[in-house]
Amino acid sequence: MTSIGLSQLLADAPKLLPTYLERTSHLTHVTKGIRRSEMFFLYAAVAVAKPKRILESGRARAQSTLVLSLLFPDVPTISIESDAASADVPIAAERLKERANVECRFGDSRHLLPELLRVGDVVLIDGPKDFRAVKLALWLLRTGKPIAVFVHDLWLGSPARDFVDRQLREVFLSDAPEWVEQYSRLDRRTRAMPAVEAGCRIAYGATLGCFPPLSGNYASRLLRCNVAERVERLQESARKFRGRPTRRRPVDFSAFGT
């Protein structure tokens, strides 16, 4: 299997950037969803590994679904949305009407993804969120089938992100300073990013995490994830009881130039 990691990503990205730009240049910028630098992060991480299929959970208005279908035009994409009655459904259908390699489904991705998963798949989880997303990623990786699982909304400073940083050191993220320095320009049109100390990780948007196949015991990692989730719930309840503010997201510097 092709090596997947931050170093390999940074080495492959310059060679893959022209293809990414060619296939997505006609798309307009959107203010919601997975940003351009994050979609390129996903593409550059797994394109060389040649995924057999893309599985996506959390379709919403299908911007990321559309981009995936364009970046991997010969690869089937199966997209799952939980709410069939959402106002986003007709918007997504219109956006995807000419994408023959996309299949849209509705249901709970926590049940559907394990049923659908095959060897050689790449998975993007944009719903569920937080600890539930991390646990789902670990469950899928535990099967040994996916090339990689991507989890969105791993905000720097969030409880789920803290767990990933402490316990899942093989995971690499789209707010890595080396990535932001080189490719945040994909998200900006005018203003420059604020200056930061070299190598310093700042809160750059919702953040996409790449979970490659992990070493060690998945059962132990899942147990620790469950414990961390329960501890955070207890701490959040205590903060509310004491009238203290809940944990907030840090300043999102990716808003500069959008």
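A crossing of two helices is left-handed if the near helix is turned anticlockwise from the far one by less than a right angle, and right-handed if clockwise. By this convention, helices H7 and H9 cross in the right-handed sense. The structure is a predicted model, in which local features need pLDDT of at least 70 and side-chain atom pairs count only at pLDDT 80 or more, while totals for chains, interfaces and linings use all residues. Residues are numbered from 1 along each chain as its sequence is written, and side-chain values use heavy atoms, without hydrogens and water. Helices (H or I, at least four residues) and strands (E, at least two) are DSSP runs, numbered from the N terminus.

**Helix packing**

- The axes of H7 (residues 159-167) and H9 come within 10 Å and cross at roughly 145°; axes are lines fitted to C-alpha atoms, for helices over the stretch in contact, with angles from 0 to 180 degrees between N-to-C directions.
- Pro159, Phe163 and Gln167 of H7 are in contact (heavy atoms within 4.5 Å) with Arg221, Arg224, Cys225, Ala228 and Glu232 of H9.

**Strand E7 and its partners**

- Strand E7 pairs antiparallel with E5 (residues 148-152) over 4 bridges, and pairing requires that DSSP finds at least two bridges between the strands.
- Leucine 208 in E7 is the bridge partner of histidine 152.
- E6 (residues 172-173) also pairs with E7 in the antiparallel sense, over 2 bridges, and leucine 173 has glycine 209 as its bridge partner in E7.
- Leu208 and Cys210 point one way from E7, Gly209 and Phe211 point the other way, and all are buried (under 20% relative accessible area, 1.4 Å probe, protein chains only).

**The loop after E7**

- Proline 213 lies in the loop between E7 (208-211) and H9 (218-241).
- This proline counts as partly exposed (from 20% to 50%, with exposed meaning over 50%) because its relative accessibility is 42%.
- The C-alpha atoms of proline 213 and glycine 144 are separated by 7.3 Å, although the two residues are 69 apart along the chain.

**Nonpolar cores**

- The largest nonpolar core (buried Ala, Val, Leu, Ile, Met, Phe, Trp, Tyr and Cys residues joined through side-chain atoms within 4.5 Å) has 42 residues, of which Phe40, Val46, Phe72, Phe150 and Trp179 touch the most other members.
- Helix H2 (36-46), E5 and E7 are among the elements that each supply at least two residues of this core, and H2 gives the most, with 8 residues.
- Beyond its neighbours within four places in sequence, phenylalanine 150 has contacts that include Val46, Val123, Leu208 and Cys210.
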